[in-house]
Amino acid sequence: KLMAAWEREAADGMILLGDILYHGPRNALPDDYDTKKVIAMLNPLAVKITAVRGNCDAEVDQCVLEFPILAEYMQIVDCGKMIFATHGDHYNTGHLPPLSGIDVLLHGHTHIPACEDHNGYIYCNPGSVSIPKGGSTNSYMTMESGLLEWHRLSDRSVYMSRQL
């Protein structure tokens with residue numbers, strides 16, 4: 001479903017916020033979650049993917065993925081706004097990164113969509129395409145010209161948006 005959404009959106013790139021293959025001792029995988037298929041779907045897009053390391057990502061995952069996944073964070077500038085993208089297990093609303101000038105803190109980790117104003121920045125979480133939590137739906141977020149939109153994966157309808 002994500003690959004179909006990727007084609008429909010005609011996106012220039014894809015940002016992954018960690019837990020890409022979603023391994024780890026605390027995480028039960030759904031019966032239909034096939035990491036080998038995830039690898040096969042993502043590797044052909046390697047030049048279009050930018051990713052950060054999640055708490056469930058490991059060096060062994062990097063051995064099978066053809067794009068870098070081990071960075072703790074990345075900085076993105078969109079419409080003059082500084083976006084600090086990370087997984088969320090180290091840097092989050094309770095433990096901000098030691099940088100000034102951040103307009104948006106973007107992270108996953110909780111697998112729960114969010115868009116909240118905080119003291120001087122906006123916290124955003126795209127949710128999860130494969131393992132949503134907290135009663136949320138499978139979702140993804142798009143970013144174009146300062147407009148953030150959260151889409152349901154099932155029908156790609158927009159259920160939340162925010163102009164930066």
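1. A definition to start with: two strands pair if DSSP finds at least two bridges between them. With that in hand, strand β6 (residues 114-118) and β7 are a good place to begin, as five bridges join these antiparallel strands. Aspartate 117 of the pairing stands opposite isoleucine 122 in β7. Please keep in mind throughout that this is a predicted model.

2. The turn of that hairpin deserves a look on your screen. Two residues lie between β6 and β7, and glycine 120 takes a positive phi near 90° there.

3. Strand β7 also has a partner in β5 (residues 104-107): the two run parallel and are joined by three bridges. Here leucine 106 has cysteine 124 of β7 as its bridge partner.

4. Is β7 (residues 121-125) mostly covered or open? It is mostly covered, with five of its five residues buried. In a regular strand, side chains alternate between the two faces of the sheet. In β7 both faces are covered: Tyr121, Tyr123 and Asn125 are buried on one side, and Ile122 and Cys124 are buried on the other.

5. Helix α2 (residues 35-42) shows another arrangement. Thr35, Val38, Ile39 and Leu42 are its buried residues. They span an arc of only 100° around the axis, so they sit on the same side of α2. The spacing fits a general rule: an α-helix has 3.6 residues a turn, so residues three or four places apart point the same way. Lys36, Lys37 and Ala40, on the other side of α2, are exposed.

6. What covers the buried residues of α2? The cover includes β1 (14-16), β2 (49-51) and α3 (59-64). At the N-terminal end of α2, aspartate 34 acts as a cap, with a side-chain oxygen 3.0 Å from the backbone nitrogen of lysine 36.

7. Now to a single residue, serine 139, which is found in strand β8 (residues 139-144). Its relative accessible area is 2%, and buried means under 20%, so serine 139 counts as buried. The side chain of serine 139 makes a polar contact of 3.2 Å with that of tyrosine 159. Leaving aside neighbours within four places in sequence, the residues in contact with serine 139 include Pro113, Pro126, His151 and Leu153, as well as Tyr159.

8. Alanine 71 makes a useful contrast to look at next, in the loop between α3 and β3 (73-78). Is alanine 71 buried or partly exposed? With a relative accessible area of 36%, alanine 71 is partly exposed. Beyond its neighbours within four places in sequence, alanine 71 is in contact with Ala51, Val52 and Arg53. Threonine 86 is 15 residues from alanine 71 in sequence, and their C-alpha atoms are 8.6 Å apart in space.

9. Finally, the whole chain. The protein chain has three helices and ten strands, in the order α-β-α-β-α-β-β-β-β-β-β-β-β. Its radius of gyration is 15 Å, which agrees with the value near 15 Å for a compact globule of 164 residues. The C-alpha atoms fill a box of roughly 40 × 35 × 35 Å along the principal axes.

10. Two further totals round out the picture. Of the 164 residues, 42% count as buried, and the chain exposes about 8800 Å², with carbon and sulfur atoms supplying 51% of that area. Among contacts between residues at least 6 apart in sequence, 38% join residues at least 24 apart.

Note on methods: Residues are numbered from 1 along each chain as its sequence is written. This is a predicted model: local features need pLDDT of at least 70, side-chain atom pairs count only at pLDDT 80 or more; totals for chains, interfaces and linings use all residues. Side-chain values use heavy atoms; hydrogens and water are left out. Buried means under 20% relative accessible area, exposed over 50%, partly exposed in between (1.4 Å probe, protein chains only). Helices (H or I, at least four residues) and strands (E, at least two) are DSSP runs, numbered from the N terminus. The arc is that of the directions from the helix axis to the C-beta atoms. Contact means heavy atoms within 4.5 Å. A polar contact is a pair of N or O atoms within 3.5 Å; within protein, one must be able to donate a hydrogen and the other to accept it, and residues adjacent in sequence count only if both atoms are side-chain atoms. The radius of gyration is taken over C-alpha atoms; the globule rule is 2.2 Å times the number of residues to the power 0.38. Accessible areas come from the Shrake-Rupley method with a 1.4 Å probe; for residues, only the protein chains shown count as cover.
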